[in-house]
Each structure stands twice: as C-alpha cells, then as structure tokens.
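Q: I am new to this structure and would like a close look at one part of it. Please start from that part and then place it in the rest of the chain.

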Amino acid sequence: MKKVLLLGVAGVGMKRLAEIYVALGYSVYGIDVKENETTHYLKGLGVDINPKEFGVDPSIEKVVYSSAIPLDNPHILKAKELGIPVEKRGEALAELSKGYKSIVVAGTHGKTTTTSLIAEVVGKKFLSNAYIGGDHYKNSRFLEHAEYFVIESDESDKTFLLLTPEIGVVTNIDKDHLNAYDWSFDKLKDAFLEFMKNSGKLVVNRDDANAFEVSKLLDKKVYYYSLKDTSFDAHILDYSFEKDGTSFMAQVFGEKTPLIKVHTFGEQNLSNILATILVGRILGVNFSEIESALSNFTMPKRRLQYIGNVRGVTIFDDHADHPTEVEATLKAIRSHNPNASIIAVFQPHRYTRVFSLKEEIARPFYLADYVIVLPIYTAFENPIEGITNERVFDWIKTLNPNKNVFFASNFESVGTLVSRIAKAGDVVVTLGPGDVYLATEQIMLKLRGER
C-alpha cells in the first residue's frame, strides 16, 4: 500500500487531503502539534495521527506539508535526505487533480463559498468531487471515477498557478498575501493573469475593477457576471434581502431564471451565486437543477454561519479578518437586519497580517454599533515590534470615534460584555480565522444567565 505523510494535518486543507488520500487507498500518517476534533475524526477514517516512534523511511511515497510547517522540520529534512518528494499542500492538490475536468475558483475573497456553491450545482448533473478550504459537507467524499473536480485554489503561495482548469473562476483581486509577491500588487495581478491564461474557459466578476482590468489583457473569450451591469453574460434582475436569506431572479445568456430562494446573506454571496449559475449554464446544467441545488445549499462552517438565538439575540460566526471581508460580512448583516444593533467581536489574525494591514484593519467597523476587540491570534508567530493589542484597539477606536469600542482579554469577558450590551433583536458576530468561534459558547451562556 502507498504511504503518505501529512505535516500539519489538523488544518482544514490538509484534513481534506487526508480524506482524499484515504479514499484513494493510501496508508496515511498525520502529524500535528495539537489533537482536537479534526484529528479524532481523521483517526476514525484510519489516519495514523502522531504515531509513536515514527520516522520517515523509504516506504513513504511523499511528504506533504502545510504553510504552518517550517522547512527545517525534521521530517522534511529526513525526507529530502532520502530523496522522498516533499510537496506543499497546493502542489499535492495539483497532482491529485490530474485526470479530472477541473473547475477552479481563484480570488482574494469569497473562494470557499463560491467553490461550495459550484460543487452543489455541478453535483446535480455530474459525478464530481470537491476540495473546499472550509468545512462543508461537499467535502465529505471523494470518488476516484468522478468526472469533475471543483477546487478552491490558493494564491497565497502561488500554487494556484499549478492548476489547469477546464473552467477558471476569478471572484476578485485584492491586496492580500503580498508577502509572496515581493510586496508588489502588480506582481499579484500578473499571477492572476497567468491563472486566467491557464484556464480553458474563464468566468470573471465584472464588478471587481482589478479582476476586470486584468481580464481585459487577454486575447480570448471571457464570461462575465455582474450585479450592477445588465449588458454582461449573467446579471441580477431583481432581489430582496429577507431575515432568513435572499430571493432573486437572474438572467444568464438571455434566459431568465425562476425565482430562487437561497439561505445566504448579502451582496457578496449574491455575486458568488451569480458566478455559480453562470458556470452551471456553461456546463449545461438546467435552471430547474440549479434552483434545486441552490435552495438546499448550506453555507460552509465559519462563513456567516448561524450559531443560534438567545433571548432574541442572534449570533453568527465568520472567519473574516481582512477589511474587505469584514466589511462584506457586516454589510450583509446590516442589509438583512436594518434596525438591529450589530455587536462585532473581532480577533485580529497573526502579527504579520496586522503589520501588513495596519490602520486599514479598522476601516470596516463603521458598520457596527459595538466592537469588542480580542488579543491578536498569533498562530505561533513571533511578535513584531510595534504590533500590539493596544495598537489595534487604538486604530479601531480612533477611526471609529462614534462607536462603542471595548477590549476583552478572553472569551469569558466577551460573553460578559455582550450580555450587558445586547438586547432582543440585536445581532452578534464573531470575526477572525483563529479560535474566536469558541467565544460564541461563552456569549450564549452569559446571555442565558448561566455561570
């Protein structure tokens, strides 16, 4: 039996690779510094997690590592010494995608939700697999004999350029992960241009100025979608934001969709849905199949995920930390809850990311009524001089002088603050890719008056 070693296996993307290798008949070993519900789940699949007295030997076919693993990791060094291939997560994914017709979603924001939506729609007509960078039920199986593979790509380490999509989708291009591009936005845009060239057919968000600008450099047909401009291949005819989702009608290639109700929120997700319908129609999925898929769609975990309602206070969780993503999330909540007070619980992510964003990190909180700032989630990074919890708090307070901004040192303090602030009809949202989702338990306990 083939053997593969996955380093940092508890990460979402690595977990999905482990599932795929197991489905393909590999003997999978996984190593991670933490054991949690993900590693317990993988053990249930047969993955050997943190095996005792384990050492890399020639029986291992390849070693795959996540971005959190340093290159001086002893297993990586031993594999290189033995001549065993060592691959980044995205490199391994590109290798696994060969042999399938791939639909690859690229972009700075909205990839996980868009990939989940497309996987849902494509699965209505074709046998297909998915690689989604978040927890979603479409990730739950992998069929070796499937026809299509719907993939969320990763531009943060340039591995999206290793993929050769039958259909490439670009949701947007923003200034993020510039450390991989010599801090040059032009180089990031050049990389997206290369991705577009690598795509057989190409679907681009016309409403994103950067994605549109780059796509205009191509000498080939591009399929565009837009919420605002009715002159492109797919556009929205009418929509309404409701308490429990969005109803809309669209027009694609001159044909009107039926009225569709989707349990998603905000303009950003409506744009993602439009991209999905366009991809579906390019592949010949009919409107009835698309409507059926979308009406049953559920968001991936941590993407404006509904957590619960206590004493009339609604709680959501979202992984957003980039200002554009935070702004989209808060706008979505506001558009569906125009009269509610919004309490945003924000956990800044990584010193390097805060250093890159600086004051910009504070910009979107004009949309909240209350902001509770947690300490920076370090993700094992070393501190950077001048990047402190106090500095982030000051940025948010200074740029939003009319908002109520608090600092909470831990999740219990967050729960106490929320229980004092929130009233029936208000909305609480936890924000950040770290472990801020754990605060929702404290928030609900305190709202119930427990502990």
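What covers the buried residues of α4?

A: The model is a predicted one. The cover over the buried residues of α4 includes the helix α1 (12-23) and the strands β4 (62-65), β5, β7 (128-131) and β8 (148-152). Helix α4 itself spans residues 89-97, and its buried residues are G90, A92, L93, A94, L96 and S97. After the helix comes G99, which has a positive phi, near 95°.

Two of the covering strands, β4 and β5, also belong to a sheet. This open sheet has five strands in the order β3-β2-β1-β4-β5, with parallel pairing. At its edges stand β3 (48-49) and β5 (86-88); each has a single partner strand, so one side of each is left without a neighbour in the sheet. Next to the β3 edge, strand β2 (residues 27-31) pairs with β3 over two bridges, in the parallel sense. Within that pairing, Y29 has D48 of β3 as its bridge partner. Strands of a sheet pair through backbone hydrogen bonds, and the pairing may be parallel or antiparallel.

The rest of the chain can be set around this part. In total the chain has 14 helices and 21 strands. Its C-alpha atoms fill a box of roughly 60 × 60 × 40 Å along the principal axes. A compact globule of 451 residues would have a radius of gyration near 22 Å, and the chain agrees with this because its own value is 22 Å. Of the 451 residues, 56% are buried. Among contacts with a separation of 6 or more, 65% are between residues 24 or more positions apart. The exposed area is about 19100 Å², and carbon and sulfur atoms supply 48% of it. The chain carries 52 positive and 58 negative charges, and the mean positions of the two sets are 2 Å apart.

Further along the chain is helix α6 (residues 185-198), which holds M196. M196 is buried, with a relative accessible area of 0%. Leaving aside residues up to four places away in sequence, M196 touches V170, I173, L202, V204, A211, V214, S215, L218 and K220. The C-alpha atom of M196 is separated by 29 Å from that of E19, which is 177 residues away along the chain. The loop between β9 (167-170) and α6 contains D182. Phi of D182 is near 55°, a positive value in a residue other than glycine. D182 is exposed, since its relative accessible area is 55%, and the cut-off for exposed is over 50%.

An antiparallel group of strands comes next. Strand β13 (residues 245-252) has seven of its eight residues buried, so the rest of the structure largely encloses it. Eight bridges pair β13 with strand β12 (residues 234-242) in the antiparallel sense, and the two form a hairpin with two residues between them. In this pairing T246 of β13 is the bridge partner of F241. T246 also has a bridge partner in β15, namely V262. Strand β15 (residues 260-262) and β13 are antiparallel and pair over three bridges. Strand β14 (residues 255-256) is joined to β13 by two bridges, again antiparallel, with E255 of β14 as the partner of V252. The hairpin of β13 and β14 has two residues between the strands, and F253 there takes a positive phi near 50°.

Another enclosed strand is β18 (residues 342-346). Five of its five residues are buried, so β18 is largely enclosed by the rest of the structure. I342, A344 and F346 point one way from β18, while I343 and V345 point the other way. Strand β18 runs parallel to strand β21 (residues 427-431), and five bridges join the two. In that pair F346 stands opposite L431 of β21. Strand β18 also runs parallel to strand β19 (residues 370-373), with four bridges between them; here V371 of β19 is the bridge partner of A344.

The loop between β18 and α11 (351-357) contains R350. R350 is a residue other than glycine with a positive phi, near 65°. R350 counts as partly exposed because its relative accessibility is 27%.

Definitions and conventions
Residues numbered from 1 in each chain as written. Predicted model: local features only at pLDDT ≥ 70, side-chain atom pairs only at ≥ 80, totals over all residues. Heavy atoms only, no water. Rg over C-alpha atoms; globule rule 2.2 N^0.38 Å. Buried < 20%, exposed > 50% of the residue type's maximum accessible area, 1.4 Å probe, protein only. Contact = heavy atoms within 4.5 Å. Areas by Shrake-Rupley, 256 points an atom, 1.4 Å probe, with all protein chains shown as cover. Lys, Arg positive; Asp, Glu negative; His and termini not counted. Charge placed at Lys NZ, Arg CZ, Asp CG, Glu CD. Pairing = 2+ DSSP bridges.
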